[in-house]
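Hello,

Here is the structure for you to look through. My notes follow below it.

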Amino acid sequence: MRSPYNPHFQKSRRQHLRNESTSAEQILWKHISHKQLEGKKFRRQYGINNFIVDFYSTELRLAIEIDGDSHFEREEYISKSHNIKFLRFTNADVMHNISGVVGTILDYIKSYPS
């Protein structure tokens, strides 16, 4: 059985999304990359089945999405079938309140059972 994570058929699409990331994604990445938050590793543009999430921590089973629109069907499917929690922020949240966004992520990390 194939792994549902980072499927090979999405590789070029994931690379494209990383190379063309939005300003909000770039700002958040500067704060969560290189294990800056409590030593937790996040990946950018991570594939889960047919979907790609903006950021993902395998250790925390946490997906972070930055967008103006919500994708509730996709989020519900991934949450239920893979037991993954989502945190969702708007571009405006990241652009104008990055400390609040990072604080919310830190709160989740600190509440995660070790």
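Contact here means heavy atoms within 4.5 Å. Helices (H or I, at least four residues) and strands (E, at least two) are DSSP runs, numbered from the N terminus. The model is predicted: local features need pLDDT of at least 70, side-chain atom pairs count only at pLDDT 80 or more, and totals for chains, interfaces and linings use all residues. Residues are numbered from 1 along each chain as its sequence is written, and side-chain values use heavy atoms, with hydrogens and water left out.

Helix α5 comes first. Helix α5 covers residues 98-111, 14 residues in all. Its buried residues (under 20% relative accessible area, 1.4 Å probe, protein chains only) are V101, V102, I105, Y108 and I109. They sit on the same side of α5, because they cover an arc of only 120 degrees around the axis (taken from the directions from the helix axis to the C-beta atoms). An α-helix has 3.6 residues a turn, so residues three or four places apart point the same way. What covers the buried residues of α5 includes α2 (23-32), β3 (62-66), β4 (85-89) and α4 (91-96). The face turned away from the buried side carries S99, D107, K110 and S111, which are exposed (over 50%).

Now the rings. The whole structure holds 5 aromatic pairs (Phe, Tyr or Trp rings, the six-membered one for Trp, with centres within 6.5 Å). Y46 and Y56 are stacked (planes under 30 degrees apart), at 4.8 Å centre to centre and 20 degrees between the planes. Y46 lies in strand β1 and Y56 in strand β2, so the pair ties together parts 10 residues apart in sequence. Y46 is buried at 8% relative accessibility, and Y56 is buried at 1%. Ring pairs link Y5, Y46 and Y56 into a cluster.

Best wishes

How values were computed:
Rings of Phe, Tyr and Trp (its six-membered ring) pair if their centres lie within 6.5 Å; planes under 30 degrees apart count as stacked, over 60 as edge-to-face and the rest as tilted. The expected span of a helix is 1.5 Å times one less than its number of residues.
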